[in-house]
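Biologist: Can you walk me through this one? I'm new to reading structures, so keep it plain.

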Amino acid sequence: MTALSPNPTIAAIATAPGRGGVGVIRISGKDLLPFAQAVSGGKTPQPRTALYTDFLDADGQTIDSGLLLYFAAPASFTGEDVIELQGHGGPVVMQMLLARCLALGARMAEPGEFTKLAFLNNKLDLAQAESVADLIDASSQSAARMAVRSLKGAFSRHIHDLVEDLITLRMLVEATLDFPEEDIDFLEAADAKGRLHALQERLQTVLASAEQGAILREGMNVVLVGAPNVGKSSLLNALAGDDIAIVTDIAGTTRDTVREQITLDGVPVHIIDTAGLRDTDDIVEQIGIERSQKAVREADVALILIDPREGINAKTRGILESLPENLKKIEIHNKTDLTGEPAGMFSDRHSALSGADTLIKLSAKTGEGLDLLKQALLQEIGWQGESESLFLARSRHINALHTAETELENAALCGNHQIELFAEHLRLAQVACSEITGEFTADDLLGVIFSRFCIGK
């Protein structure tokens, strides 16, 4: 059938795959009233008012019945006309409704395209658009709260304030370039250096909050390493609160990596129980060990389990030599229920491992000392606890803020007669901050960001 509008229209199933009580088809485009009338058999929906109707195919036969919602531009999520068809959530019905929309001239939406339209039509800035995906992907209640805060613009407001202060300072500095004889006195009278120092302090505050938010968003990867049969699987089960891994006295029981996610104070922690790192002729076990080595390379923290009755034997020493030097390490003395030692947390000077930050003595079997380990893990990544000042942040946000921080440091080093250089460093700091909200963003970066969204969002 010929498209009802020459303007591009996109459509997608907006609800999760599978069966459900309700399924939603979302359509966005220009001048969609004829589209709505074609789907509903000639009915004209009122903006922002639910219309109960049959959804009809090209022959006038009923595909489904449900609610049709019409949002007229620009008062919609995308800034264009938006239609939502809310029907029964069966996969076949949803596909039939989607096929009808495509027959009317819509095309399948790309991943994240609805949110991308919202960004391009100035309904959201880029940081807010990213927080939509963060809210969907949130793996803890704390992460969800922080994502909503970013979606509401908390992070963006901090960035906009920084940019406004940078613009004001740039105006003062660049104004002196036309009057070189008076520039130094003018800048001193305007307290340019004092304004710069205040900017640096504000940026440090935003950066600290963003780094905490990044911890909440990304979580941390923790690997359990050690010689076979030191209790790695038992510790994983104790942390997870369930029998995730098989536990036996037979060395090599864990032949592949076992992964589990837990939440500590709102922070997602991805725990990986590695196959015992050792030489073996077993091909299957070799594959598991290779995967374990990859997990170690990607980890943030390694929990190195040692049987205190054996100490650091040759097997453990070989494992330690294979670990990356910059990997954060916590030494674990397991099986205190057998050794009779009291559980406890000790500083690095008590550790027998070179490079270990902390020594924890615990019993995975009884759970004694487990809370100390959880506390140590949060300390290792610098988590300070959830607060109202936090917002979720991504790696690109942190990198941009660090770039701005460096540019402001360079500006502070400029002498009285380096006004042009001072101004340029301020400009580069502003560009870095503006990249966060999308005021200056390359098209290829937009493609990468929105391609990671789900279809229909």
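**Getting our bearings**

Modeller: The chain has 16 helices and 13 strands. Keep in mind that this is a predicted model.

Biologist: How much of the chain is buried?

Modeller: Of its 457 residues, 48% are buried. The accessible surface is about 21900 Å². Carbon and sulfur atoms account for 51% of that surface.

Biologist: And the contacts, what share join residues at least 24 apart?

Modeller: That share is 68%, counting contacts between residues at least 6 apart in sequence.

Biologist: Let's go inside. How many residues are in the largest nonpolar core?

Modeller: The largest nonpolar core has 46 residues. Leu 235, Leu 303, Ile 332, Leu 373 and Leu 377 have the most contacts inside it.

Biologist: Where does that core lie, and why there?

Modeller: It lies between domain 2 (130–214 + 394–438) and domain 3 (219–381), because both domains give residues to it. A second core of 33 residues lies apart from the largest one. Its members include Ala 127, Leu 203, Ala 404 and Ile 419.

Biologist: Why would nonpolar side chains gather like that?

Modeller: It is a general tendency: in soluble globular proteins, nonpolar side chains tend to be buried together.

Biologist: Pick one core residue. What is Leu 373 in contact with?

Modeller: Leaving aside neighbours within four places in sequence, Leu 373 is in contact with Leu 235, Leu 239, Leu 303, Ile 332, Ile 360 and Leu 362.

Biologist: Switching topic. How many salt bridges are there?

Modeller: A search of the whole structure finds twelve. One of them joins Arg 396 and Glu 130. Their closest N and O atoms are 2.8 Å apart.

Biologist: Where do those two sit in the chain?

Modeller: Arg 396 is in helix H14 (residues 395–412), and Glu 130 is in helix H4 (residues 126–137). They are 266 residues apart, so this pair links distant parts of the chain.

Biologist: Are they buried or exposed?

Modeller: Arg 396 and Glu 130 are both buried. They also belong to a network of salt bridges. Asp 134, Arg 217, Glu 218 and Arg 394 are linked in that network too.

Biologist: Got another pair? What does Asp 165 bridge to?

Modeller: Asp 165 forms a salt bridge with Arg 202, with the closest N and O atoms 2.6 Å apart. Asp 165 is in helix H6 (residues 154–175), and Arg 202 is in helix H8 (residues 192–218). Asp 165 is partly exposed, at 30% relative accessible area. Arg 202 is partly exposed as well, at 35%.

Biologist: Where are Glu 424 and Arg 427?

Modeller: Both lie in helix H15 (residues 419–437). They are three residues apart, about one turn of the helix. Their side chains meet in a salt bridge, 2.8 Å from N to O. Glu 424 has 31% relative accessibility and counts as partly exposed. Arg 427 is partly exposed too, at 31%.

Biologist: Now the backbone. What is unusual there?

Modeller: Start with the general pattern: most residues other than glycine have a negative phi, and most peptide bonds are trans. Here, the bond from Ala 73 to Pro 74 is cis, with omega near 0 degrees. Pro 74 lies in the loop between strand E4 (62–71) and strand E5 (81–89).

Biologist: Where is Asp 31, and what is its phi?

Modeller: Asp 31 has a positive phi of about 55 degrees, although it is not a glycine. Asp 31 is in the loop between strand E2 (20–29) and helix H1 (33–40). With a relative accessible area of 57%, Asp 31 is exposed.

Biologist: And Arg 48, what is its phi?

Modeller: Arg 48 is not a glycine either, and its phi is positive, about 60 degrees. Arg 48 sits in the loop between H1 and strand E3 (51–56). Arg 48 counts as exposed, at 56% relative accessibility.

Biologist: Last stop, the surface. Which residues form a nonpolar patch?

Modeller: Leu 102, Met 108 and Ile 455 form one, with about 230 Å² of accessible area together. Ile 455 is in the segment after helix H16 (443–451). Ile 455 is partly exposed, at 42% relative accessible area.

Biologist: Does Met 108 turn up elsewhere? What is Glu 113 in contact with?

Modeller: Leaving aside neighbours within four places in sequence, Glu 113 is in contact with Ile 10, Arg 107, Met 108 and Lys 457. Glu 113 is in helix H3 (residues 113–120). Glu 113 is buried, with a relative accessible area of 12%.

Note on methods. Residues numbered from 1 in each chain as written. Predicted model: local features only at pLDDT ≥ 70, side-chain atom pairs only at ≥ 80, totals over all residues. Heavy atoms only, no water. Core = buried A, V, L, I, M, F, W, Y, C linked by side-chain atoms within 4.5 Å. Buried < 20%, exposed > 50% of the residue type's maximum accessible area, 1.4 Å probe, protein only. Domains from an automatic or database assignment. Contact = heavy atoms within 4.5 Å. Patch = residues over 30% accessible without salt bridge, like charges linked within 9 Å, V, L, I, M, F, W, Y side chains within 5 Å. Areas by Shrake-Rupley, 256 points an atom, 1.4 Å probe, with all protein chains shown as cover. Salt bridge = Lys/Arg side-chain N within 4 Å of Asp/Glu carboxyl O. Helix = DSSP H or I, 4+ residues; strand = E, 2+ residues; numbered from the N terminus.
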